[in-house]
Amino acid sequence: MCRKRSHTGGTNCICSISAISGISQGNLDIALQQTMLEYCCSNRKSVETLVKIRNNVYGHTKAAQISDSDYTRFKNDIETAVLDIAAVCRKETEFKTALNDVNHRNLGSHFTCSISKQDIAELFALAQSSQNSMDQTMTKMQTLQETTQNLMDSSKKADEHTAAKLQKLEEKSETTNSGYRI
C-alpha cells in the first residue's frame with residue numbers, strides 16, 4: 001500500500017507494508033524498538049550514552065563511590081547527551097538553565113536534618129522510659145525465675161518428705177500385717 005503525497009498528489013512507495021494507524025511504542029517488540037532507535041533516531045548516541053551511564057554507574061554498580069575524574073567525565077557526558085536531546089525538542093535553553101542550577105546547587109541543604117532540641121529531649125525521655133521499663137521487666141523476670149526455682153525445690157522436698165512418710169507407713173503396715181494371718 002503506497003501513501004499519497006499531500007503536496008504533489010503522487011505516491012510515495014518505500015515498501016509494500018504500512019504501519020497500523022494509532023500504533024504506539026508499547027505495541028513494538030523491544031528488539032524492534034532498539035533497531036528503530038539505532039537507525040532512525042538522530043539522538044541515538046545520546047540515548048545510548050545515558051542508558052550506559054545509568055546501567056554502569058547507578059543501576060548495576062559494584063561500589064557506592066566513583067573517583068572524581070570519573071564523576072567529571074560522566075557529568076560532562078550526561079550534560080552533552082541531555083543538551084543534544086533538548087536541542088531536538090527545541091528546549092535547549094530550559095535544559096541549560098536546569099543543568100546550571102543543578103551544578104550550582106548546594107547538596108548539603110538536601111541532607112540537612114531539622115531536629116529541634118525539644119525533639120531530642122523527647123527522644124531521650126522516650127529512650128530513658130524504655131530503658132526503665134526494660135529494667136523493670138528484667139527484674140520481674142528474675143524474681144519470677146527465682147520464685148519458680150524455689151517452688152521446684154519445695155516441691156522436690158515435699159515429694160521426698162511424702163515418699164519418706166509413705167515408706168514408713170508401708171513398713172508399719174507390713175509389721176502390723178505380719179502379726180495377723182488371714
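**Exercise 1. Determine which residues of α1 and α2 meet, and how the two helices are oriented.**

Step 1. Contact means heavy atoms within 4.5 Å. On the α1 side, Gln 34, Leu 37, Glu 38 and Tyr 39 meet Arg 44, Val 47 and Glu 48 of α2.

Step 2. Sort these residues by class: the contact of α1 with α2 has 3 nonpolar, 1 polar and 3 charged residues. Here Ala, Val, Leu, Ile, Met, Phe, Trp, Tyr, Cys and Pro count as nonpolar, Asp, Glu, Lys and Arg as charged, and the others, Gly among them, as polar.

Step 3. Take the axes, which are lines fitted to C-alpha atoms, for helices over the stretch in contact, with angles running from 0 to 180 degrees between N-to-C directions. The axes of α1 (residues 30-40) and α2 (residues 44-59) come within 8 Å and cross at roughly 130°.

Step 4. Name the orientation. Angles under 35 degrees count as roughly parallel, over 145 as roughly antiparallel, 65 to 115 as roughly perpendicular and the rest as oblique. Helices α1 and α2 are therefore oblique to each other.

The model is predicted: local features need pLDDT of at least 70, side-chain atom pairs count only at pLDDT 80 or more, and totals for chains, interfaces and linings use all residues. Residues are numbered from 1 along each chain as its sequence is written, and side-chain values use heavy atoms, with hydrogens and water left out.

**Exercise 2. Describe the surroundings of Arg 44 in helix α2.**

Step 1. Leave aside the neighbours within four places in sequence; Arg 44 is then in contact with Leu 37, Glu 38 and Tyr 39.

Step 2. Look further along the chain. Ala 81 is 37 residues away from Arg 44, and their C-alpha atoms are separated by 9.7 Å.

Step 3. Classify the accessibility. Buried means under 20% relative accessible area, exposed over 50%, partly exposed in between (1.4 Å probe, protein chains only). Arg 44 has a relative accessible area of 25%, so it is partly exposed.

**Exercise 3. Describe how α2 and α3 cross and which residues make the contact.**

Step 1. The two axes come within 8 Å, with a crossing angle of roughly 145°.

Step 2. The crossing of α2 and α3 is left-handed. A crossing is left-handed if the near helix is turned anticlockwise from the far one by less than a right angle, and right-handed if clockwise.

Step 3. From α2 the contact involves Ser 46, Val 47, Thr 49, Leu 50, Ile 53 and Val 57; from α3 it involves Phe 74, Asp 77, Ile 78, Ala 81, Val 82, Asp 84 and Ile 85.

Step 4. By class, this contact has 9 nonpolar, 2 polar and 2 charged residues.

**Exercise 4. State the orientation of α3 and α4, then place Glu 79 and Arg 90.**

Step 1. Helix α3 (residues 68-88) and helix α4 (residues 92-104) pack at an angle of about 160°, their axes 8 Å apart. They are therefore roughly antiparallel to each other.

Step 2. The crossing of α3 with α4 is right-handed. Among the residues in this contact are Glu 79 and Val 82 of α3 and Phe 95 and Leu 99 of α4. By class, the contact has 6 nonpolar, 1 polar and 4 charged residues.

Step 3. Glu 79 sits in α3. Its relative accessibility is 17%, so Glu 79 counts as buried. Not counting residues up to four places away in sequence, Glu 79 touches Leu 99 and Asn 103.

Step 4. Arg 90 lies in the loop between α3 and α4. At 78% relative accessibility, Arg 90 counts as exposed. Phi of Arg 90 is near 60°, a positive value in a residue other than glycine. Most residues other than glycine have a negative phi.

**Exercise 5. Summarise the whole protein.**

Step 1. The protein has 6 helices and 2 strands. Helices (H or I, at least four residues) and strands (E, at least two) are DSSP runs, numbered from the N terminus. Their order from the N terminus on is β-β-α-α-α-α-α-α.

Step 2. Of the 182 residues, 5% count as buried.
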